[in-house]
Structures are given as structure tokens and as C-alpha cells.
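Colleague: Hi, I'm new to this one. Could you walk me through it?

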Amino acid sequence: MKKYLFIFVAWTCVFVSCGKKTTTENEKVGISQDLVAEESAIVEKVSSTEPVEEVISNEPIPQDVEQFISLYKELLSFKDKSDFKSLGFGKGSKYQKWLNKADKLAETADISHFLKYNIVPGDLTSLAYVYVSTQGKENEASRVIRANIDEAITQINKSR
């Protein structure tokens with residue numbers, strides 16, 4: 001962080017000094033001294049800032065997040081089955097029950113439990129509908145959604 005801040009301040013100094021067309025030598029020294037003072041103040045402030053953890057450790061996992069993970073694993077277990085490929089969530093499909101649970105979770109879950117992991121409960125149904133449209137095959141949309149969910153689950157498991 002300090003390295004990037006220093007680079008930003010250094011480039012700012014270059015652009016500021018290049019932008020002035022007519023300055024005397026005394027003005028240049030004054031500007032440089034002002035910029036060095038500003039840079040020192042910024043570096044001091046950044047170095048005094050304490051690092052922030054991404055996810056709070058040893059935090060109990062909320063029930064709605066646990067249910068999300070369970071439904072996700074269940075989706076992955078049936079997405080390749082022939083009856084899912086042929087019926088999806090349509091009439092007569094035994095997977096309608098799963099979809100109802102996922103929809104209910106999306107409606108009732110506390111969104112704040114999910115946002116800290118960069119997911120939302122609706123990601124489940126989005127992924128499910130992608131699988132319906134591709135008959136269980138992976139595509140770019142499913143890979144992106146799964147990558148986000150898998151990263152969230154990794155963070156959740158680290159916080160246990």
C-alpha cells in the first residue's frame with residue numbers, strides 16, 4: 001500500500017511540475033518543498049493506519065449461509081443427472097422442491113450475511129437457471145458464478 005501511495009505521489013509531483021510552464025527557480029523549490037511535505041504527511045498517516053482483516057475469524061456461520069452452502073452442493077450433485085437435463089425445474093421435476101427452497105432463501109435471507117463474502121442468495125437460482133439452459137454443462141456464466149461462490153465458501157471455511 002505504501003509503495004503504491006509513494007508511486008502515486010511521485011507521479012503527481014511529475015505531472016504538477018510538468019504542467020507549470022513559467023516558474024522561477026525559487027518557485028520550483030517552494031513547490032517541491034510543499035510536495036515533499038504533503039508526501040511525508042500522507043506516508044505518516046498511511047503508516048499509522050492499522051491493517052483491516054477481510055473476514056472476521058472465528059465468527060459463527062449464520063444459518064442462512066449454511067443453507068446456501070447446502071443448496072449449492074445439492075445443485076452440483078444433480079446438475080448432470082439425465083432427469084434434470086430433460087425436465088429442469090419444469091412440471092413433474094423432482095427438482096422443483098430444490099428451486100422452491102432456493103427461492104425462499106433468496107427472499108428471506110439476511111443479505112448482510114452474504115455481502116461480506118461478495119455473494120447474494122440469488123446466485124444459487126441464477127446458477128441453477130444457467131444449468132437448465134445448458135443442460136448441466138459449464139459455460140462462461142456458470143464458471144463466473146461458481147468461482148464467486150467457491151471463493152466465498154473458502155472465506156467462510158477460513159473464518160470457522
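Modeller: Sure, one term to begin with: a residue is buried under 20% relative accessible area, exposed over 50% and partly exposed in between, using a 1.4 Å probe and protein chains only. This is a predicted model, where local features need pLDDT of at least 70, side-chain atom pairs count only at pLDDT 80 or more, and totals for chains, interfaces and linings use all residues. Residues are numbered from 1 along each chain as its sequence is written, and side-chain values use heavy atoms, with hydrogens and water left out.

Colleague: Okay. How many helices and strands are there in the protein?

Modeller: Eight helices and zero strands. Both are DSSP runs numbered from the N terminus: H or I with at least four residues for helices, E with at least two for strands.

Colleague: And what share of the residues count as buried?

Modeller: 30% of the 160 residues. The protein exposes about 10900 Å², and carbon and sulfur atoms supply 56% of that. Those areas come from the Shrake-Rupley method with a 1.4 Å probe, and for residues only the protein chains shown count as cover.

Colleague: Let's pick a helix. Which residues are buried in α3?

Modeller: D64, V65, F68, I69, L71, Y72, L75 and F78.

Colleague: What covers the buried residues of α3?

Modeller: The cover includes α4, α5, α6 (112-115), α7 and α8. Cover here goes by contact, meaning heavy atoms within 4.5 Å.

Colleague: How far does α3 reach from its first C-alpha to its last?

Modeller: 23 Å for 16 residues, close to the 22 Å expected at 1.5 Å a residue. The expected span is 1.5 Å times one less than the number of residues.

Colleague: Now the core. Which residues have the most contacts inside the largest nonpolar core?

Modeller: F68, F89, W98 and I149, in a core of 29 residues. The elements that give two or more residues to this core are α3 (63-78), α5, α7 and α8 (140-158). Of these, α3 gives the most, with seven residues. A nonpolar core is a set of buried Ala, Val, Leu, Ile, Met, Phe, Trp, Tyr and Cys residues joined through side-chain atoms within 4.5 Å.

Colleague: Why would nonpolar side chains be buried together?

Modeller: It's a general tendency of soluble globular proteins.

Colleague: Back to F89. What is F89 in contact with, leaving aside neighbours within four places in sequence?

Modeller: F78, F84, Y95, Q96, W98, L99, A128, Y129 and V132.

Colleague: Changing topic: how many salt bridges does a search of the whole structure find?

Modeller: Five. A salt bridge is a side-chain nitrogen of Lys or Arg within 4 Å of a carboxyl oxygen of Asp or Glu. In one of them, the side chains of K94 and D83 meet at 3.6 Å, N to O. K94 sits in the loop between α4 and α5 while D83 is in helix α4, so this pair ties together parts that are eleven residues apart in sequence.

Colleague: Is K94 buried or exposed?

Modeller: K94 is exposed, because its relative accessibility is 58%. D83 is partly exposed, at 26%.

Colleague: Any others worth a look?

Modeller: E138 and R146 meet at 2.8 Å, N to O. E138 is partly exposed at 30%, and R146 is partly exposed at 22%. Salt bridges that share partners join K79, D80, E138 and R146 into one network.

Colleague: What about K79 and D80?

Modeller: Their side chains also form a salt bridge, 3.1 Å from N to O. K79 is buried, with a relative accessible area of 8%, whereas D80 is partly exposed, at 45%.

Colleague: Last bit: where is T125?

Modeller: T125 is in helix α7, residues 122-134. At 12% relative accessibility, T125 counts as buried. A polar atom of the T125 side chain lies 3.0 Å from the backbone oxygen of G122. Beyond its neighbours within four places in sequence, T125 is in contact with L99, A102 and D103.

Colleague: And which loop does N118 lie in?

Modeller: The one between α6 and α7. N118 has a positive phi of about 65° although it is not a glycine, and N118 is exposed, with a relative accessible area of 61%.

Conventions: Polar contact = N/O pair within 3.5 Å; in protein donor to acceptor, adjacent residues only side chain to side chain.
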